[in-house]
Amino acid sequence: MPLKKSTPPTTDLSRRNFIKNAGMTAAAFTILPRFVLGGKGYRAPSDKLYVAGIGVGGKGESDISSFAKSGKAEIAYLCDVDTRRASKSVAAFPKAKFYKDYRIMLDKEHKHIDAVSVSTPDHNHAVQALAAMQLGKHVYVQKPLTHDIYEARTLTEAARKYKVVTQMGNQGASGNDVRQLMEWYNAGLLGDVHTVYCWTNRPVWPQGISWPAQKTEIPKELDWNLWLGTAPQKDYVDKLVPFNWRGWWDYGTGALGDMGCHIIEPPFRVLGLQYPTDVTASVGSVYVDEFKRGYFPESCPPSSYIVLTFPARNGKPPVKLHWMDGGIQPERPEELGPNERMGDGGNGAIFVGTKGKMMCGTYGMYPSLIPTSRNKEVNIPQTIKRVPGGADGHYAQWVEACQAGYGKMEVSSPFEIAGPLTETVLMGNLAIRSYDVRIPKKDNAEQFDFPGRNIKLMWDGANMKITNFDEANQFVKREYRTGW
């Protein structure tokens with residue numbers, strides 16, 4: 001079942017007027033992308049890609065700048081709900097037309113847009129990306145691809161249905177380092193990898209807290225209703241925008257969502273993983289008084305430990321992937337020297353195989369065999385084609401693939417790969433949130449049982465369903481706010 005298409009709460013943006021207005025706008029526009037003049041699917045090799053950015057402050061600012069640096073993209077439209085955050089992009093691209101509401105932008109300008117970049121808070125990724133895809137626009141979406149598992153599956157299927165070029169913003173997927181890891185693994189240096197450890201020092205924003213009791217005046221530059229988008233209606237509170245929303249389930253996906261697509265991606269790619277079969281979780285506690293544990297279900301926990309099981313595939317054994325956040329790290333490999341850095345210090349991944357081990361940092365950076373002396377002894381020839389520019393080439397790769405057309409050029413993180421990876425990351429969050437599911441005790445309604453703790457959640461990937469704890473399935477697909 002597809003996501004509901006986002007419709008603006010104004011009568012002049014009905015389906016009928018959408019088509020009518022789009023035709024009028026096309027007639028009034030004087031400088032058209034070449035493909036419009038040449039018919040659907042036509043593009044001269046010298047033409048630039050006309051890109052619209054949704055969310056152009058912070059990471060969105062660097063995304064659209066990177067597209068422009070390719071020399072093959074024209075940043076034609078800017079959209080952001082907060083003019084403060086958008087100010088640098090507006091100054092950098094003075095010819096680009098600015099909108100606050102992406103729906104109005106797509107309504108009025110879709111005839112003049114080739115591709116759309118989405119870099120907004122997690123909870124709005126899916127509706128914005130799908131709206132562009134339904135119009136036949138190529139899309140680049142920041143990590144994590146979506147806020148919930150159902151959305152990730154929907155966008156994965158939409159990429160095939162609408163035949164558009166897609167890329168998730170996990171630039172390490174284009175890096176030379178992850179390809180080095182793949183070549184070591186493919187050469188048999190590790191044997192059969194059965195265990196992977198991933199960790200991060202995130203969160204670096206408040207988590208494990210209660211929702212602020214005092215509402216704050218909405219900044220005049222911010223359209224709070226548009227920022228909320230699909231999320232439940234709530235009063236504006238201080239310090240939520242532009243960064244700390246990551247720690248609240250209504251908007252963000254916590255440390256796992258923020259860093260999982262960067263750190264889990266190397267083992268996911270190297271080992272050819274797909275959907276997990278089960279997951280377990282434990283989380284850090286916040287005590288508000290003596291023997292009184294705080295209960296903050298709206299907020300992500302201060303730390304978590306996740307174990308995901310991936311089934312055997314292509315003659316390879318099952319894999320256990322361990323995830324730790326909040327500064328928790330796995331045991332140091334005995335083969336690693338006492339003063340040698342593990343991962344990149346705060347983040348990393350370790351692969352454990354029947355013949356050897358290897359590790360890397362965020363984005364797959366600093367790939368190393370363990371013990372590190374093996375790096376000097378082993379010389380494996382390069383067998384995997386590199387992306388020009390490595391991780392930085394992630395942006396130009398997508399631009400060029402969009403110019404070539406669907407299916408003509410390879411990209412590093414198309415939704416066919418990014419979707420299952422995001423589902424894996426969000427499966428960890430499903431387990432974390434299940435940990436806080438509580439029901440009143442039968443003999444004392446003021447006390448609670450927590451049936452989602454200390455169990456293994458069994459996952460039916462094909463049907464997107466936890467089979468042994470139905471209460472967990474509420475986290476597979478969320479309800480959108482009315483009108484979204």
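**Exercise 1.** Where is the place of P242? Find the loop, then look at the peptide bond that leads into this proline.

*Solution.* Start with the location: in this predicted model, P242 sits in the loop between α9 and α10. Next, check the bond: V241 and P242 are joined by a cis peptide bond, with omega about 10°. Now turn to P203, in the loop between β7 (193-199) and α9. The peptide bond from R202 to P203 is cis too, with omega near 10°.

**Exercise 2.** Describe the largest pocket and its lining.

*Solution.* Begin with the volume, which is about 780 Å³. Then take the lining: 45 residues, of which S119, T120, P121, W245 and R246 lie nearest the centre of the pocket. The elements giving two or more residues to this lining are α3 (59-69), α6 (125-134), α9 (224-228) and α10 (254-263). Among these, α10 gives the most, with five residues. Finally, sort the lining by character: 15 residues are nonpolar, 19 polar and eleven charged.

**Exercise 3.** N314 has a positive phi although it is not a glycine, and M464 has a positive phi although it is not a glycine. Decide for each: buried or exposed?

*Solution.* Take N314 first, with phi about 50°, in the loop between β11 (304-310) and β12 (319-324). Its relative accessible area is 78%, so N314 is exposed, the cut-off being over 50%. Now take M464, with phi about 50°, in the loop between β18 (457-460) and β19 (465-466). Here the relative accessible area is 17%, so M464 is buried, the cut-off being under 20%.

Methods. Residues are numbered from 1 along each chain as its sequence is written. This is a predicted model: local features need pLDDT of at least 70, side-chain atom pairs count only at pLDDT 80 or more; totals for chains, interfaces and linings use all residues. Side-chain values use heavy atoms; hydrogens and water are left out. On a 1 Å grid over the protein atoms alone, a cavity is a set of points where a 1.4 Å probe fits but cannot get out, and a pocket is an open set with protein on both sides within 12 Å along at least five of seven lines; lining residues have an atom within 4 Å of a point. Grid points are joined across faces, edges and corners, and a volume is the space filled by probe spheres set on the points. Helices (H or I, at least four residues) and strands (E, at least two) are DSSP runs, numbered from the N terminus. Ala, Val, Leu, Ile, Met, Phe, Trp, Tyr, Cys and Pro count as nonpolar, Asp, Glu, Lys and Arg as charged, and the others, Gly among them, as polar. Buried means under 20% relative accessible area, exposed over 50%, partly exposed in between (1.4 Å probe, protein chains only).
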